Amino acid sequence: MTDCAVVIQNLTKTFGKVRALDNLSLTFAKGKITGLIGADGAGKTTLLRLICGLLVPDSGQILTLGENPVTDKDMIISQIGYMPQKFGLYEDLSVIENLRLYADLKGVPYQFDRLLKFTDLAAFQNRLAGQLSGGMKQKLGLACALLGNPKLLILDEPSVGVDPISRQDLQQMVQSLIDEDTTVIWSTAYMDEAHRFHHTVVLDKGRLIYDGVPQDLAENTAAFENKIIDLMGGYQEHPSLIAEHYQAHLQDLPYTVEACHLVKRYGDFFAVKDNSFQIKKGEIFGLLGPNGAGKSTSFKMMCGLSRPTSGTAKIMGVDICQNPSKARAHLGYMAQKFSLYANMSVWQNLSFFAGVYGVHPRDREARLNEILQVFGLLDYRDAVADELPLGIKQRLSMAAALIHNPAVLFLDEPTSGVDVITRRDFWTHIRGLAKKGVTVLITTHFMDEAEFCDRISLFYKGETIALGTPQALKDKAESSSMEEAFIRLIKEREA
């Protein structure tokens, strides 16, 4: 098949009892951008690694650029650009050192000017990769993958955790920097992103359930998302079991969460600049902004994980700086990055956090079994945390944050990278908890999720630049969608 960059026939790959890919047959056309979609554990990352030759199939055949990616890897490796799901660069090397290393590995010259210009990394060449914002890290990873003008570019969720402006930049970079005959396979959890690609492949439990043009499924993103959900078995709205079993001790206070003139300064740089807001009981308060705007820094100060340069925060009326232990007792915190113990099992992690959060030993086993059930983690009870699919890791993180039934819940990008069905499930629980009186402070890069918030604070360069309901922000930006409002308000501030 000369018009195909990748040909897959009857491909099967198993890991123990798990069949990641099940007799899969599929082709990827040359010169097209194909979006790869599927639930967590559908086999997307396994497929991409097999195409690159990083894994060996149990049975079946793969031809990548006309060659066997396992036995003939040396013939095609210089023609493949691969960006893994996790940040695959060296965090203790600078931007330019990472580019030079990858150029050496690919055997290509040090021609970085165009890539540095498109990524806006020219001014940060000497900054360590570990000190870059999430969006900048993704741009650097993409730049390394694009070295040598690859004929096959494989991107495993490159826009996870990236704000709408940076996501647009990533897509424009790919479209501007690849040749006309370059094939791109782009795994994604963003349905608006997938809807713009030339082609769509949907996997479910290792099997192909759709292979075609995205616009053939639906003309707009919202309808496309619903069609994808239908293909994956549909989603039935249901009451939140988590909310039903919630027994938080809720107090009647004017404000359950307060940020009081928070400032975080590193030398002359202000990560957060005089940030103040107040949140009521049962309110879902969204903190939105580009990567590097200071959202996570604000979270850490309000949780007592980072001391403010000045100002303070109050949780259930308790000053986090004066009495951090008492304030944190009311709080459940889910960090942006998976922050549980990777080498411990699901049960061990939950047991540990139950102890940390003060769940009484006599109640602990019953509480753990209950939360395993309501979060759908019973089948993963003894699984090692680091080996879980991303969506299951996120569920585990949220379960740990809720193990002690806190009155206040801080969620830092809880749905980043998870599939569309899991996202809907998360929001069923979040809205159910809010109806029970739990206060929720949440960050997200999914603009459709921002619509679920009661109020939003739009954050840019450490400052609040807009505050109000989702509709109020759209009205202010004269926009019909939250994504359009987000981009317009940020760009107006930059002007």
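The following exchange goes through salt bridges, exposure classes and a domain interface in a predicted model.

User: Why is the pair Lys151 and Asp179 called a salt bridge?

Analyst: A salt bridge requires a side-chain nitrogen of Lys or Arg within 4 Å of a carboxyl oxygen of Asp or Glu. The side chains of Lys151 and Asp179 meet at 4.0 Å, N to O, and the pair is therefore assigned as a salt bridge under that cut-off. Lys151 lies in the loop between helix 5 and strand 6, and Asp179 in the loop between helix 6 and strand 7, 28 residues apart.

User: What makes Asp382 exposed, while Arg381 counts as partly exposed?

Analyst: Exposed means over 50% relative accessible area, buried means under 20%, and partly exposed is in between. Asp382 has 58% relative accessibility and therefore counts as exposed, whereas Arg381, at 30%, counts as partly exposed. These two residues form a salt bridge with each other, the closest N and O atoms being 3.0 Å apart.

User: How do you know that the salt bridge of Arg493 and Glu463 ties together parts that are apart in sequence?

Analyst: Arg493 lies in helix 19 and Glu463 in strand 19, so the pair ties together parts that are 30 residues apart in sequence. The closest N and O atoms of Arg493 and Glu463 are 3.9 Å apart. Arg493 has a relative accessible area of 44% and is partly exposed, and Glu463, at 27%, also counts as partly exposed.

User: Why is the contact between the side chains of Asp448 and Arg423 called polar?

Analyst: A polar contact needs a pair of N or O atoms within 3.5 Å, one able to donate a hydrogen and the other to accept it. The side chains of Asp448 and Arg423 make such a contact at 3.4 Å. Asp448, which lies in helix 17, is partly exposed with a relative accessible area of 34%, and touches Glu225 as well as Arg423.

User: Which residues are joined into one network by salt bridges that share partners?

Analyst: The network consists of Glu225, Arg423, Arg424, Asp448 and Glu449. Within this group, Arg423 forms a salt bridge with Glu225, the closest N and O atoms being 3.6 Å apart.

User: What makes up the interface of domain 1 and domain 2?

Analyst: The domain assignment gives domain 1 as 4-231 and domain 2 as 241-330 + 406-494, and the contact takes 22 residues from each of them. The area buried between the two domains is about 1800 Å², of which carbon and sulfur atoms give 56%, and the rule finds 3 salt bridges across the interface.

Note on methods. Residues are numbered from 1 along each chain as its sequence is written. This is a predicted model: local features need pLDDT of at least 70, side-chain atom pairs count only at pLDDT 80 or more; totals for chains, interfaces and linings use all residues. Side-chain values use heavy atoms; hydrogens and water are left out. Domain bounds come from an automatic or database domain assignment. Contact means heavy atoms within 4.5 Å. Buried area is the accessible area (1.4 Å probe) that two parts lose on being put together, summed over both. Helices (H or I, at least four residues) and strands (E, at least two) are DSSP runs, numbered from the N terminus. Buried means under 20% relative accessible area, exposed over 50%, partly exposed in between (1.4 Å probe, protein chains only). Lists of a residue's contacts leave out its neighbours within four places in sequence.
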